[in-house]
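Trainee: I should like to understand how the terms used for a protein structure are justified. May we take them one at a time?

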Amino acid sequence: MFFSKKTKGFFVEMNESSVLLARTTSASTPLEVEDLRECAIGDEAGIEEALKHLQPRKPPSGYVHAVVGVYPPKRVVRKHTLELKKMKEPGYMADVLTQQLRIEPDKFTIALINASDGADFDLVKANQKEVVFCGAPNDDINAVQESLLNHGIYPERLELGSVATLGALVDFLAFEKSKTPTLVLDVGNETTHSFIISASGVEASRPIPQGLEAMVPVVQKELGLKDEESARKLFRSNTFDFTGMGPLLIKRLLKELQSSIGFYEVQTGQSVGQVICIQLSPKLAWLEGALASSLGITAMKFDPLPWLRSRKVIVPDALSKTAGDFRWFGLMSLMVQYNAQHGTPADEKK
């Protein structure tokens, strides 16, 4: 495939455990992935080395200009049903933010998108009631931007990694012609963001105030360790197989998920059939299987390469194994551009 654009594209995802980086033949599609790099979060030297490798010539500005996906700790990604008749009432949206989402509007940057296709919500027409509120505290956004600049990365576009990944998963399900409602879990250190999606969009969402850290005391108790720090190091290492202990570790989280899934299934008559976890480190890969088994559903089978190709993102054979691993899907989703209207065919499978 011939690519005539000369400006390279750079894409970065900073999640809670790692920094993923890519260089592409172009900043916009059609493009081909040229290189993929990974560093542990906090590995300053590693990130500097990766950037030097991706961009050997230092840019005139001193910064690598990139599209960046981030996961601020207090991010908001919440589906909500608007009361369209009240949209013209002064203070209605502020009430939704403070009463329903429990956030202070003046301290957050919030965007509103349609739950079905991810397009910006039209406040003037206000003809779509199913929406997703996306945002983060201003302080978190400023801190993220400062951190990126300190690493030599200038964010040309800053996205919530959760939102980019959800949009890509919805489009992927449509491409696969999947009819199966899918549970997507964005498992963070302190919070788990739970979503139910389908090929038609985001169907439900719920933040659960339990993440990986809530499992550490259980590890300490079950293994008789002297303190939480020892339990934390073991939990996040590759030296112990937690598969057998999985049901105990996810017990509290499982209860919340069963409640959410039960409510959705009663409301819609649809059964959630599979689960996939966003931004899990390889050391915690057992978690997805434990959740699937306990919920009585399957872990989502995943091959993104045909879908990426349909969206004019070409992955060479040498990088196909890496790019095909779901851990890289959030980064790859930053490269994809969508048609204005959801449902337009994403080209036929090749």
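Trainee: Which residues lie nearest the centre of the second largest pocket?

Mentor: In this predicted model, the second largest pocket is lined by 20 residues, and Ser17, Ser18, Ser281, Pro282 and Lys283 lie nearest its centre. The volume of this pocket is about 400 Å³. Strand 3, residues 31-40, gives the most to the lining, with three residues.

Trainee: What is the make-up of that lining by class?

Mentor: The lining of the second largest pocket has eight nonpolar, seven polar and five charged residues.

Trainee: What makes a space a cavity, and how many cavities of 30 Å³ or more does the structure hold?

Mentor: A cavity is a set of points where a 1.4 Å probe fits but cannot get out, whereas a pocket is an open set. The structure holds one cavity of 30 Å³ or more. About 40 Å³ of space lies in the largest cavity.

Trainee: Which residues line the largest cavity, and what is their class?

Mentor: The lining consists of Phe10, Phe11, Val12, Leu21, Ala22, Leu51, Leu54, Val64, Ala66 and Ile153. Two or more lining residues come from each of strand 1 (9-14), strand 2 (18-24), helix 1 (44-54) and strand 4 (64-70). Strand 1 gives the most, with three residues. Phe, Val, Leu, Ala and Ile count as nonpolar, and the lining accordingly has 10 nonpolar, no polar and no charged residues.

Trainee: What makes a group of residues a nonpolar core, and how many residues has the largest one?

Mentor: The members must be buried residues of certain nonpolar types, joined through side-chain atoms within 4.5 Å. The largest such core has 45 residues, and Leu36, Leu169, Ile197 and Met332 have the most contacts inside it. Helix 4, residues 161-175, supplies the largest share of this core, eight residues. A second, separate core has 32 residues, including Phe242, Leu249, Cys277 and Leu280. In soluble globular proteins, nonpolar side chains tend to be buried together.

Trainee: With which residues is methionine 332 in contact, leaving aside its neighbours within four places in sequence?

Mentor: Methionine 332 is in contact with Val33, Leu36, Leu308, Val313, Val315 and Ala323.

Trainee: Why is arginine 102 called exposed, and lysine 312 partly exposed?

Mentor: Exposed means over 50% relative accessible area, and buried means under 20%. Arginine 102 has 66% relative accessibility, so arginine 102 counts as exposed. Lysine 312 has a relative accessible area of 40%, which falls between the two cut-offs, and therefore lysine 312 is partly exposed.

Trainee: What is particular about the phi angles of these two residues?

Mentor: Arginine 102 has a positive phi of about 60 degrees although it is not a glycine. Arginine 102 lies in the loop between helix 2 (92-100) and strand 6 (108-114). For lysine 312, also a residue other than glycine, phi is positive and near 65 degrees. Lysine 312 lies in the loop between helix 10 (305-310) and strand 14 (313-314).

Trainee: How do you know that the peptide bond between threonine 29 and proline 30 is cis?

Mentor: The omega angle of this cis bond is about 0 degrees. Proline 30 is found in the loop between strand 2 and strand 3.

Trainee: Why do strand 11 and strand 13 count as edges of their sheet?

Mentor: The open sheet of five strands has the order 11-10-9-12-13, with mixed pairing. Strand 11 (201-208) and strand 13 (298-299) each have a single partner strand, so one side of each is left without a neighbour in the sheet.

Trainee: How do you know that strand 9 and strand 10 are paired?

Mentor: Two strands pair if there are at least two bridges between them. Strand 9 and strand 10 are joined over six bridges in the antiparallel sense, so the requirement is met. One of the bridges places leucine 183 with isoleucine 196 in strand 10. A hairpin of four residues joins strand 9 to strand 10. Strand 10 and strand 11 also run antiparallel, joined by seven bridges.

Trainee: Why is strand 10 described as largely enclosed?

Mentor: Seven of the seven residues of strand 10 are buried, so strand 10 is largely enclosed by the rest of the structure. Thr192, Ser194, Ile196 and Ser198 point one way, and His193, Phe195 and Ile197 the other way.

Notes:
Residues numbered from 1 in each chain as written. Predicted model: local features only at pLDDT ≥ 70, side-chain atom pairs only at ≥ 80, totals over all residues. Heavy atoms only, no water. 1 Å grid on protein atoms, 1.4 Å probe; cavity = no way out; pocket = protein on both sides within 12 Å on 5 of 7 lines; lining within 4 Å. Points joined across faces, edges and corners; volume = space filled by probe spheres on them. Buried < 20%, exposed > 50% of the residue type's maximum accessible area, 1.4 Å probe, protein only. Contact = heavy atoms within 4.5 Å.
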